[in-house]
Amino acid sequence: MLEWGPPAGGVPELSACLLEDNALADYAAALHERLVRTASPQELAGELHKFPSEVISELITLASTRSAAYIAELIVCLSRAARGREILALVYTVAQGPPDRARELAVLLTRAGRNRQGSWLTRQADVMRHHGTGLPPAENLADALSAAQQVFDDQQIPAMRHILKDAVLNGDAAPRDLIGRLSLPVLESYVAYLLEEDGSVARQLLPSGAEDLALYLDSLPASSSVRVSLIRWAVLRTAVEQCAGMLGLLEKRGETADWQLAHEAAVGRSDFLTYLLAQGGALARRLLPSDAAGLTVLLHTAGSPARVPLVRLAVTLTSVEECVKVLGGLQELGTEEEQQAAYDAVARKRSAADIAKLIDLLAPTAASRLGGEVIRRAIAHHPLDTLRLLIEAAFRNALISERSELDVLLSARPDGPIAVAGLLAWIDGMYGPMDTYSRSAGYYVRNQTAEEARYWDGERWTNAVMPLSKDDPAIAALLSSHQVTVDLAVQPREKARASQQLVAALSYAKGPDQAETLRARKNYAYWLNRAGLYTQAYQVGALLVADCSRVLGQDHLNTLAARYDLAAATGHNGRPGEAARLLEQLVSDTTLIRGATHLNTLRVALEQAEWVGRNGAPADAVQHLSHLVVALTEHHGADHQVTLDARRRNAVWTGISGNPEVAVKLLEELARLCTDVLGANDRLTLATRTAHAQWLGRTGRLAPAERLLAALVDDSCGTFGRTAPETIEIRYIHAQTLKASGNRSRARLAREILAQLALELDTALGTDHPHVIDIRKAVTHWDQPD
């Protein structure tokens, strides 16, 4: 027995020197025995990591011969030093010895809070010692992680798997904790094993939803050997709802290779395809192919229950040109049920402009008869205000040649005889009775005379005529038809166009100063403002204010309303100071007529504060708005929509005036209140949520801002449509926030969002619309190098 030796800290170095010479191996063993005999548990735990693996095993065997109290304290010290492997080895060695010794250590470990290892030792001593002992459990996650890393470094891969499996199934290790703290080599090795094993541990550890997948992708670099297999497993093995969530996550992350891989795997799942078809909408548009070739492949692979829904989507989600190809393919290969489903879907789901273009493209082909199938259904089901496009397309392509045929189609409509009578009057007035005119230049034409009045055709003033004289009894039906068109229109630009037609008809039939005509003119100016056509709104509004003042008087409520719209149009035309001045005068006049606390008076004051801020005085705007919030709360209630709008504006101008953090806090609170009071998809709620996300981005919190805006885009598209003004603003802010992140892939996604938005607005609003011009400028600017 060696009686002298260096202090514990010098033993590893001396041991290494002795082991270099085989002749001195006995001295090394004696030195190791003395270290274990004389060192405290703290000293021994602190020195173990300095020895090679074979010496550590020898030291553990020696330590197992010490008292149970010494061993228990050593285990606690090893846990603090993150030496999980040595703990397991020490517990395992004791379990192989006398049962009484194992029970004694079990009691001490339990007192030290290491219940799992205490219980395991007790079982080994009582029941299993005659059958050999398995590897003991790690007491906690930290021990498991350090042990797994150590045995992995020693190439003991099965032991690493056993330790981690036990930590998940029997310990307190949550998958999220385990994944985030494993080193990359261990994580890759274990994930590769789980993907092949696919047992209970795999189901617990591998991603079951979008958040789990994000955790893995954050831990696994793009070059990781298991990343591809993991994404494919996650998409193919999870429930369809979770699969959809994962695809949404990958799309938002902007990592193209991951998205393509997941997309290809997902659309190969028959159950996921059925789910997509049932969901429809934005999700299907993002995930299903947008061309005839890709959809044809899916048609060949889809099960029979999915084929008809897939056909419906194939003809509604693709471009008009691709839709023509799909219809042609169905004529050759589709069943009768699938063909009829396609015709119905085109007629009911596609716009009148799309159907007219589709019919023109089908006309010169062998599939021209399909145009007749589509047009008949479309005329029976499309909104009344779009039928002119459809009827003109039918005339151009000789799909309807007799008036009686059109009468039959129109009689099946649900609009009622008055609306249909107005449309028939328009047909006879614009084209004449169908059997008295010859077809010229591809469509029916009526020769016009110099005496016929000018009439608005929906795009510009032309020499087209008002189809009926003022005294004709059918004029009432025609006016009713125009009013129905206004009521059915959804988007502001459509409302403005329909209102202009109604104004023209009322001016012709009843006179421009008649009360009904003035009301229609007021609505026309309002919808021009909402549509962003501010130049026209100002021109129409200025004439309307002059006429209302002359006919109704300065103090009439309709005159005050017209002045309000004119002030807004003035500001939007680049004169915010003049808008603020007009509104200040309007506040004074409205106060005299209705009182200072009337809701309309406070509404005008609210708009005045807005234009004060836009004129370069944000602090003044905040002061005005703060007073208005108090007044509105006191007289109309804290939950009134105008009060909530005042609070939203106050928060926004607070941020602009130099207090962005305060703005974020105010908008976050207000968004919750608006959701509770008005609903999540109310116009004001969406505006408040958008402002909150925008100010989060402006304060540098881009990731949460991106998530909020992505959800807002989906909500606004579902509520108002993709080209509604509210949705346009949210999509534009979303693109700006993505670009501000500084990430190249997000910047590319932002550019794609803007380009797609410009393309959709071209069709919906026209190339000369201010929104389209602004967005195209932004795309051009982003294409230029910094």
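This is a short talk on a predicted model of one protein chain, walking through a few of its helices and some single residues.

Hi everyone, thanks for coming. Let me start with the overall picture. The chain has 786 residues, and 49% of them count as buried. In secondary structure terms, there are 43 helices and 4 strands. If you take the contacts between residues at least 6 apart in sequence, 62% of them join residues at least 24 apart.

Now to the N-terminal part, and a pair of helices there. Helix α4 covers residues 53–63 and helix α6 covers residues 84–95; their axes are 9 Å apart and the packing angle is about 45 degrees. That angle makes α4 oblique to α6, and the crossing is right-handed. Who touches whom? On the α4 side we have Ser-53, Ile-56, Ile-60, Thr-61 and Ala-63, and they meet Arg-85, Glu-86, Ala-89, Leu-90 and Thr-93 of α6. Sorted by class, that contact has 5 nonpolar, 3 polar and 2 charged residues.

Let me stay with α6 for a moment. Its 12 residues reach 17 Å from the first C-alpha to the last, close to the 16 Å expected at 1.5 Å a residue. How many residues of α6 are buried? The count is 9 of the 12, so α6 is largely enclosed by the rest of the structure. Those buried positions are Gly-84, Arg-85, Glu-86, Ile-87, Leu-88, Leu-90, Val-91, Val-94 and Ala-95. Do notice Arg-85 and Glu-86: both are on that buried list, and both also take part in the contact with α4.

Just ahead of α6 is a residue I'd like you to find on the screen. Ala-82 sits in the loop between α5 and α6. Its phi is near 60 degrees, which is a positive value in a residue other than glycine. Is Ala-82 buried or partly exposed? With a relative accessibility of 41%, Ala-82 counts as partly exposed, because that class runs from 20% to 50%.

On the other side of that loop is α5, which has a partner of its own. Helix α5, residues 68–80, and helix α7, residues 99–111, have axes that come within 9 Å and cross at roughly 45 degrees. These two are therefore oblique to each other, and α5 passes α7 in a right-handed crossing. From α5, the residues involved are Ala-68, Ala-69, Ile-71, Ala-72 and Ile-75; from α7, they are Arg-101, Glu-104, Leu-105, Leu-108 and Leu-109. By class, this contact has 8 nonpolar residues, no polar ones and 2 charged ones.

Let's jump along the chain to α32. This helix runs over residues 534–551, and its 18 residues should span 26 Å at 1.5 Å a residue; the end C-alpha atoms are 25 Å apart, which agrees. Its buried residues are Ala-537, Val-540, Gly-541, Leu-544, Val-545, Asp-547, Cys-548 and Ser-549. What do they pack against? The answer is α31, residues 515–530, and α33, residues 557–572. After α32 comes Gly-553, with a positive phi near 105 degrees.

A residue in α31 helps to show this neighbourhood: Lys-522. At 23% relative accessibility, Lys-522 counts as partly exposed, since the buried class stops under 20%. Beyond its neighbours within four places in sequence, Lys-522 is in contact with Leu-544, Ala-561 and Asp-565. Its C-alpha is also 8.8 Å from that of Val-540, which is 18 residues away along the chain.

Moving on, α33 also meets helix α35, residues 599–614: their axes come within 11 Å and cross at roughly 10 degrees. That makes α33 roughly parallel to α35, and this crossing is left-handed. Tyr-564, Ala-568, Gly-571 and His-572 of α33 meet Arg-603, Val-604, Glu-607, Trp-611 and Arg-614 of α35. The contact has 4 nonpolar, 2 polar and 3 charged residues.

One last stop, in helix α39, residues 683–698, where we find His-692. His-692 is buried, with a relative accessible area of 11%. Setting aside its neighbours within four places in sequence, His-692 is in contact with Val-664, Leu-667, Glu-668 and Leu-708.

That's my tour. Thanks for listening!

Methods. Residues numbered from 1 in each chain as written. Predicted model: local features only at pLDDT ≥ 70, side-chain atom pairs only at ≥ 80, totals over all residues. Heavy atoms only, no water. Expected span 1.5 Å × (residues − 1). Buried < 20%, exposed > 50% of the residue type's maximum accessible area, 1.4 Å probe, protein only. Contact = heavy atoms within 4.5 Å. Axes fitted to C-alpha atoms, helices over the stretch in contact; angles between N-to-C directions. Parallel < 35°, antiparallel > 145°, perpendicular 65-115°, else oblique. Left-handed = near helix turned anticlockwise from the far one by under 90°. Nonpolar A, V, L, I, M, F, W, Y, C, P; charged D, E, K, R; others polar.
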